[in-house]
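Please find below my notes on the model you sent, set out as numbered points. They are meant to be read with the sequence and the structure open side by side.

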Amino acid sequence: LIQLAIPLNFIGSVYREIRQGLTDIEQMFDILEVDPEITDKPEAEDLQIRQGGIAFKDVHFAYDPSRPILKGVSFEVPAGKTVAIVGPTGAGKSTISRLLFRFYDVNQGAITIDGQDLRDVRQSSVRNVIGMVPQDTVLFNDTIAYNIRYGRPSATDEEVAAAAELAQVGNFIRQLPEGFDTQVGERGLKLSGGEKQRVAIARTILKAPPVLVLDEATSALDTHTEREIQAALDVVSKNRTTLVIAHRLSTVIGADEIIVLKNGQIAERGRHDDLIAQNGLYAQMWERQREATMAEEQLRKVRESD
Ligand code: ATP
């Protein structure tokens, strides 16, 4: 059995190496992704950021011409404000963030940042000004410090530590035996989803982008973790133009405007209290989520008491 176990173990570690290699490559593609169909105009210049206000003007978009995904979507994220996009699964929420990164061009209408049409400026300059806290953060196989510093390679140790503190992950890191030098990722310490997300937030705090896109986790987090992440997100989005793609509703309560997307169109819009009072789609989604969260909490308590 031992003889068999060793090669299996070996195969397992080779498999993990390959998988991690792929993850790193995927991550690099995520960061560097340039859709070959999207090319800069020869005369394109860099996006000039003044305050960082975003506008979607009558945006129409389809991945496949026979199936429109966004059908005339207009909204603004004024500089320094937070706008959240919510809606049923498949409504087109993530598509909005992909268009903002200009992974695709709109079919009709326009998207502007500080009045500049995304199609008229260099793609690289658009991606430079947008910070993204993704749903699922993949960490590099390196130290925690490296993973945070990736946001701004010139950052000092003190700045890395301060960013971790602001992202509510400082306490966690300090109690690790090797602190900021702890190896993480597939080959090191495995962090929970919530810890990884806070490392990503610390990275973004260091990068200090003028525009922020938060792609909120689809997966359920326990109430405590969710509160910690929310506190970290509040720090990073304060006074920064922020678009929240909310697959759940936990981050939207404080948003300056909530856009409820349904079948590629805006069905409702307003602040949380207004939308609850309207008693429409948002109010229904909210009620359903509240019930689901309560059920999850109860289940957790039952499991913990076992
Ligand atoms: P969820 O909350 O489930 O993540 P979403 O509102 O973010 O959903 P999108 O990811 O924007 O939804 O997708 C909107 C629609 O576009 C879906 O029907 C999806 O199948 C389709 N879609 C997404 N990406 C592509 C793609 N690359 N090619 C073709 N269709 C796509």
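1. Asn-239 sits in the loop between helix 8 (223–237) and strand 8, and in this predicted model the residue deserves a look at its backbone, since its phi is positive, at about 55 degrees, although Asn-239 is not a glycine. Most residues other than glycine have a negative phi. As for its surroundings, Asn-239 has 9 other C-beta atoms within 10 Å and is therefore exposed, the limit for that class being 12 or fewer.

2. A second residue to inspect for the backbone is Asp-58, a residue other than glycine whose phi is likewise positive, near 45 degrees. Asp-58 belongs to strand 1 (residues 54–61), whereas Asn-239 lies in a loop. Because Asp-58 has 13 C-beta neighbours inside 10 Å, it counts as partly exposed.

3. Strand 1 is part of an open sheet of 4 strands, which follow one another in the order 2-1-4-5 with antiparallel pairing. The edges of this sheet are taken by strand 2 (70–77) and strand 5 (116–117), each of which pairs on one side only. Between strand 1 and strand 2, which run antiparallel, there are 6 bridges, and Ile-54 has Val-77 in strand 2 as its bridge partner. Helix 2 packs on this sheet, where it touches strand 1, strand 2 and strand 4 (108–113), and its direction makes about 115 degrees with that of strand 1.

4. Within helix 2 (residues 93–100) I would draw attention to Leu-100, which has 21 other C-beta atoms within 10 Å and so is buried. If neighbours within four places in sequence are left aside, the contacts of Leu-100 are Ile-54, Ile-111, Ile-130, Val-213 and Leu-243; one of these, Ile-54, is the residue bridged to Val-77 in strand 2. Trp-286, by contrast, is 186 residues from Leu-100 in sequence, and the C-alpha atoms of the two are 26 Å apart in space.

5. The other sheet to consider is an open one of 6 strands in the order 6-7-8-3-9-10, with mixed pairing. Strand 6 and strand 10 (265–270) stand at its edges with a single partner strand each, so one side of each is left without a neighbour in the sheet. On average, and with direction ignored, neighbouring strands of this sheet are turned by 20 degrees against each other.

6. Which strands flank strand 7, and in what sense do they run? On one side, strand 6 (residues 130–133) runs parallel to strand 7 and is joined to it by 4 bridges, with Gly-131 opposite Leu-212. On the other side, strand 8 (residues 241–245) is also parallel to strand 7, here over 5 bridges, and Asp-215 stands opposite Ile-245. Of the 5 residues of strand 7 (residues 211–215), 4 are buried, so that the strand is largely enclosed by the rest of the structure.

7. Further along this sheet, strand 3 (residues 82–86) pairs with strand 9 (residues 257–262) in the parallel sense through 4 bridges, and Ala-84 has Ile-258 in strand 9 as its bridge partner. Helix 10 (residues 281–305) lies across strand 3, strand 9 and strand 10, at about 95 degrees to strand 9. Helix 7 (residues 193–207), for its part, lies across strand 6 and strand 7 and runs at about 170 degrees to strand 6.

8. Helix 7 also packs against helix 8, the axes being 10 Å apart and the angle about 5 degrees, which makes the two helices roughly parallel. Among the residues that meet there are Ile-201 and Ile-205 from helix 7, and Ile-229, Leu-233 and Val-236 from helix 8. By class, this contact comprises 7 nonpolar, 4 polar and 2 charged residues.

9. My last point concerns the ligand, around which lie Tyr-63, Asp-64, Ile-69, Gly-87, Thr-89, Gly-90, Ala-91, Gly-92, Lys-93, Ser-94, Thr-95 and His-247. This shell divides into 3 nonpolar, 7 polar and 2 charged residues. Lys-93, one of the residues around the ligand, falls within helix 2 (residues 93–100), which also holds the Leu-100 discussed above.

Note on methods
Residues numbered from 1 in each chain as written. Predicted model: local features only at pLDDT ≥ 70, side-chain atom pairs only at ≥ 80, totals over all residues. Buried ≥ 20, exposed ≤ 12 C-beta atoms within 10 Å, placed from the backbone. Pairing = 2+ DSSP bridges. Axes fitted to C-alpha atoms, helices over the stretch in contact; angles between N-to-C directions. Contact = placed C-beta atoms within 7 Å. Near = placed C-beta within 6 Å. Nonpolar A, V, L, I, M, F, W, Y, C, P; charged D, E, K, R; others polar. Parallel < 35°, antiparallel > 145°, perpendicular 65-115°, else oblique.
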